[in-house]
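Reader: Hi, I'm new to this one and could use a hand. Could you pick out a single part and walk me through it slowly?

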Amino acid sequence: MLHESPRPPVQAILVMDSRKTSLAVRHQNFTEGWSQLYKAGDFYLDLSLKPDHHKAYLQGYLVADPAQLTQVQGRTLLHNEHAQLTAALSLTGSFRLEVPQGGTYQLEIALQDQVIRLDRIEI
């Protein structure tokens with residue numbers, strides 16, 4: 001876990017998923033990109049996978065009321081049993097991670113006073 005928050009983690013809820021392919025096809029070396037939208041407390045998380053030959057980039061953007069944008073400073077952690085990747089959130093609430101291989105991952109976004117958690121992302 002990235003950060004111990006005084007509040008329990010906010011579990012993100014999937015709102016939209018653009019993937020139309022079967023699970024077997026998605027595991028073949030990043031054959032297709034996708035976009036997903038999650039709701040997590042007062043935030044929306046816009047995620048997209050951008051394939052590039054034998055690697056892929058997971059890009060994320062936290063969307064919030066402008067009054068809450070001061071809370072989007074933090075770090076992201078994408079991990080599974082084979083990899084652990086981290087990136088800082090930019091001032092606009094965005095991040096980008098190079099993902100070395102497909103699989104099932106967990107994503108945590110540690111903000112100033114809360115942690116947003118996605119327990120299962122298929123890449």
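Which residue forms a salt bridge with arginine 117, and how far apart are the closest N and O atoms?

Author: That's glutamate 108: it forms a salt bridge with arginine 117, and the closest N and O atoms are 3.7 Å apart. A salt bridge here means a side-chain nitrogen of Lys or Arg within 4 Å of a carboxyl oxygen of Asp or Glu. Before we go further, keep in mind that this is a predicted model, where local features need pLDDT of at least 70 and side-chain atom pairs count only at pLDDT 80 or more, while totals for chains, interfaces and linings use all residues. Residues are numbered from 1 along each chain as its sequence is written, and side-chain values use heavy atoms, with hydrogens and water left out.

Now, the pair itself. Glutamate 108 and arginine 117 are both buried. Buried stands for under 20% relative accessible area, exposed for over 50%, and partly exposed for anything in between, with a 1.4 Å probe and protein chains only.

To see where the pair sits, look at the strands. Strands (E, at least two residues) and helices (H or I, at least four) are DSSP runs, numbered from the N terminus. Strand E9 covers residues 104-110, and strand E10 covers residues 115-122. E9 and E10 run antiparallel and are joined by six bridges; two strands pair if DSSP finds at least two bridges between them. Alanine 110 has valine 115 as its bridge partner in E10, and a hairpin of four residues leads from E9 to E10.

E10 has another neighbour too. Strand E1, residues 10-11, is joined to E10 by two bridges, and this time the strands run parallel. Valine 10 stands opposite isoleucine 116, while glutamine 11 has arginine 117 as its bridge partner. So that the picture stays clear, here is a general point: side chains in a regular strand alternate between the two faces of the sheet.

Zoom out a little, and you get an open sheet of five strands in the order E1-E10-E9-E6-E7, with mixed pairing. E1 and strand E7 (84-88) are the edge strands, each pairing on one side only. As for cover, six of the eight residues of E10 are buried.

There's a second salt bridge to look at, as the count comes to two. Glutamate 122 pairs up with arginine 120, and their closest N and O atoms are 2.7 Å apart. These partners differ in cover: glutamate 122 counts as buried because its relative accessible area is 12%, whereas arginine 120 counts as exposed because its relative accessible area is 58%.

What about the rest of the protein chain? One helix and 10 strands make up its secondary structure, and the elements run β-β-α-β-β-β-β-β-β-β-β from the N terminus on. The chain has 123 residues, and 41% of them count as buried. Contact means heavy atoms within 4.5 Å. Among contacts between residues at least 6 apart in sequence, 51% join residues at least 24 apart.

Glutamate 98 shows that kind of reach across the sequence. Glutamate 98 lies in strand E8 (residues 94-99), and its C-alpha atom is 6.4 Å from that of leucine 58, although 40 residues separate them along the chain. Neighbours within four places aside, glutamate 98 is in contact with Lys55, Ala56, Tyr57 and Leu85. Glutamate 98 counts as partly exposed because its relative accessibility is 43%.

Serine 48, in strand E4 (residues 43-52), also has Tyr57 in its contact list, along with Trp34, Ser35, Leu58 and Gln59, again leaving out neighbours within four places. Serine 48 is buried because its relative accessible area is 9%.

Finally, the outside. About 6700 Å² of the protein chain is exposed, with carbon and sulfur atoms supplying 51%; accessible areas come from the Shrake-Rupley method with a 1.4 Å probe, and for residues only the protein chains shown count as cover. Val15, Met16, Tyr44, Tyr61 and Val63 make a nonpolar surface patch of about 420 Å². Strand E2 (13-17) and strand E5 (55-63) are the elements that give two or more residues to the nonpolar patch. Patches are made of residues with over 30% relative accessible area and no salt bridge, joining like charges within 9 Å and nonpolar side chains (Val, Leu, Ile, Met, Phe, Trp, Tyr) within 5 Å. Methionine 16, found in strand E2, counts as partly exposed because its relative accessibility is 37%.
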